[in-house]
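Me: Could you take a close look at one strand of this protein for me, and then walk outwards from there to the rest of the fold? I'd like one connected account that I can follow with the model open.

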Amino acid sequence: MIHEANRLKRLPPYLFTIVDNKKKEVMDKGVDVIDLSMGSPDQPAPKQSIEELCKQARIDGNQRYSRWNGEIETELRNTIADWYMKRFGVSLDPNNEIVPLIGSKEGIAHLSLAFLNNDDIALVPNPAYPVHFNGVIMAGGILYNIPLTPENNYMPKFDRLSAEVIKMAKLLFISYPHNPTTQVASLDYFQEVVDWAKKKDIIVGHDCAYSDIVFDGYKAPSFLQAKGAKDISVEFHTISKSYNMAGWRLGFCVGNKEILKTLAKTKSYIDFGIFRAIQCAAIKALSTADDTLKKTVETYRKRRDLFVDGLNSIGWKVSKPKATFYIWAHIPLKYSALNSMEFTNLLLEEAGVAVAPGTGFGEYGEGFVRFALVEGEERLKIALERLKDILELEP
Ligand SMILES: Cc1ncc(COP(=O)(O)O)c(C=O)c1O
């Protein structure tokens with residue numbers, strides 16, 4: 001018999017796999033599914049990054065293992081430091097305060113592995129991007145969920161936790177702009193978190209995947225802009241969303257050098273870094289592709305306006321997010337007897353529209369579904385028509 005490790009048995013079912021299987025079933029019946037389920041960007045990667053990848057892939061030396069002190073590796077870290085300074089006005093030491101990642105998901109999972117013993121608590125707001133909590137379980141730490149609800153504005157106050165929990169807490173994950181709720185945070189909120197975590201001696205991992213996908217003049221702060229943040233925290237970034245390079249697998253973690261040293265040590269036992277040609281392509285993206293980013297954000301803004309206005313006009317009341325390319329939508333009252341997975345199935349089977357069930361992001365996502373605006377405007381209009389026909393809500 002083949003038995004998987006107990007830690008895998010403790011993971012919640014990966015609802016996105018279930019949705020994916022269901023999607024395939026519906027597509028196999030010939031339905032043209034409009035897929036708004038996964039946050040996988042559909043817009044093109046920067047041309048110059050693609051050209052650079054092709055050019056660098058032909059160079060023999062680039063086929064070898066990546067090395068921390070190699071020329072390309074050093075240039076990537078320098079480019080990240082420049083990017084960070086330009087975006088957030090925070091200075092980073094390229095040699096000690098930056099660790100490139102094979103996508104930020106990898107780094108987030110490894111942060112838990114690097115720091116959690118089996119009697120350490122990781123505080124994880126819920127709902128969340130699943131690796132925030134699944135990484136804790138895989139690392140064998142103790143997961144402690146902090147509910148994010150409309151009542152707490154999806155921004156919890158951590159000082160309401162019990163003294164026992166705080167004493168055992170070693171790690172806290174937060175993430176703004178937030179997936180899936182789309183909530184954004186102010187620098188003042190980050191400052192409160194830093195001041196509290198410092199007092200309690202808790203490491204903070206801030207997942208900042210959507211800092212560039214912002215609208216209507218809103219600017220997302222970096223966690224490291226808060227005073228003293230570098231003493232206790234690291235921040236995760238990715239080229240997946242800003243530059244439409246999700247499949248390329250490149251992110252980075254920045255901040256406290258001791259935390260990063262331990263993260264890099266953990267990774268050194270597991271991976272060999274990133275294909276050099278991809279590092280070169282990322283350098284191009286980070287240093288020359290602001291125009292691609294601008295176009296990408298404008299496309300998402302138009303989609304957001306079209307889709308949110310459309311949902312409201314068919315009687316599904318949702319508000320416009322300031323950031324991310326998601327819509328976090330309460331299940332309409334008429335369907336409140338259905339849980340988020342059942343409602344997701346209804347939309348898929350009857351309207352051919354795939355969404356993510358709120359519970360895919362944790363139990364406190366119940367009662368919601370998430371739309372990812374990763375199809376073009378014409379497809380979104382068709383999705384709205386289909387939703388209008390099957391839901392029959394009062395406009
Ligand atoms: C909040 C958040 N963090 C991290 C990631 C993963 O990014 P990457 O492609 O860099 O692993 C995602 C992807 O959807 C995300 O939503």
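Reply: Happy to. Let's begin with one residue pair: V234 stands opposite G255 in β8. This is a predicted model, so please take every value below as computed from it.

The pair belongs to the pairing of strand β7 (residues 233–238) with β8, which is antiparallel and runs over five bridges. On β8 there is a second partner too: strand β2 (residues 98–101) is joined to β8 by four bridges, again in the antiparallel sense. Within that pairing, L101 has G251 of β8 as its bridge partner. β8 is thus a strand with pairings to both β7 and β2.

How well covered is β8 itself? Strand β8 covers residues 251–255, and five of its five residues are buried. Their directions alternate: G251, C253 and G255 point one way, while F252 and V254 point the other way, and all are buried. If you colour the model by burial, you can set this strand against the whole protein, where 47% of the 395 residues count as buried.

The ligand is a good next stop. Its shell holds 13 residues, of which G103, S104, K105, T238 and S240 come nearest. Strand β7 ends at residue 238, and T238 is among those nearest residues. By class, the shell has three nonpolar, eight polar and two charged residues.

Some backbone details in the loops deserve a look as well. Most residues other than glycine have a negative phi, and most peptide bonds are trans. Against that background, the peptide bond from N126 to P127 is cis, with omega near 10 degrees, and P127 sits in the loop between β3 (121–126) and α6 (131–139). N179 and P180 are also joined by a cis peptide bond, with omega about 15 degrees; P180 lies in the loop between β5 (169–174) and α8 (187–200). That loop between β5 and α8 also holds T182, which is not a glycine yet has a positive phi of about 70 degrees. T182 has 24 other C-beta atoms within 10 Å, so it counts as buried. T324 is another residue other than glycine with a positive phi, near 70 degrees, and its place is in the loop between α13 and β9. It has 29 C-beta neighbours inside 10 Å and therefore counts as buried.

α13 and β9 lead us to the domains. The domain assignment gives domain 1 (6–44 + 291–391) and domain 2 (47–288), with C-alpha centres 25 Å apart. Their contact takes 29 residues from domain 1 and 32 from domain 2. On the domain 1 side, the elements giving two or more residues are α13 (290–313) and β9 (326–330), and α13 gives the most, with seven. That side has 13 nonpolar, nine polar and seven charged residues.

Finally, the whole protein. Its secondary structure comes to 15 helices and 12 strands, and the C-alpha trace spans about 60 × 55 × 55 Å along its principal axes. The radius of gyration is 21 Å, which agrees with the value near 21 Å for a compact globule of 395 residues. Among contacts with a separation of 6 or more, 74% are between residues 24 or more positions apart.

Notes: Residues numbered from 1 in each chain as written. Predicted model: local features only at pLDDT ≥ 70, side-chain atom pairs only at ≥ 80, totals over all residues. Domains from an automatic or database assignment. Contact = placed C-beta atoms within 7 Å. Nonpolar A, V, L, I, M, F, W, Y, C, P; charged D, E, K, R; others polar. Rg over C-alpha atoms; globule rule 2.2 N^0.38 Å. Buried ≥ 20, exposed ≤ 12 C-beta atoms within 10 Å, placed from the backbone. Near = placed C-beta within 6 Å. Pairing = 2+ DSSP bridges.
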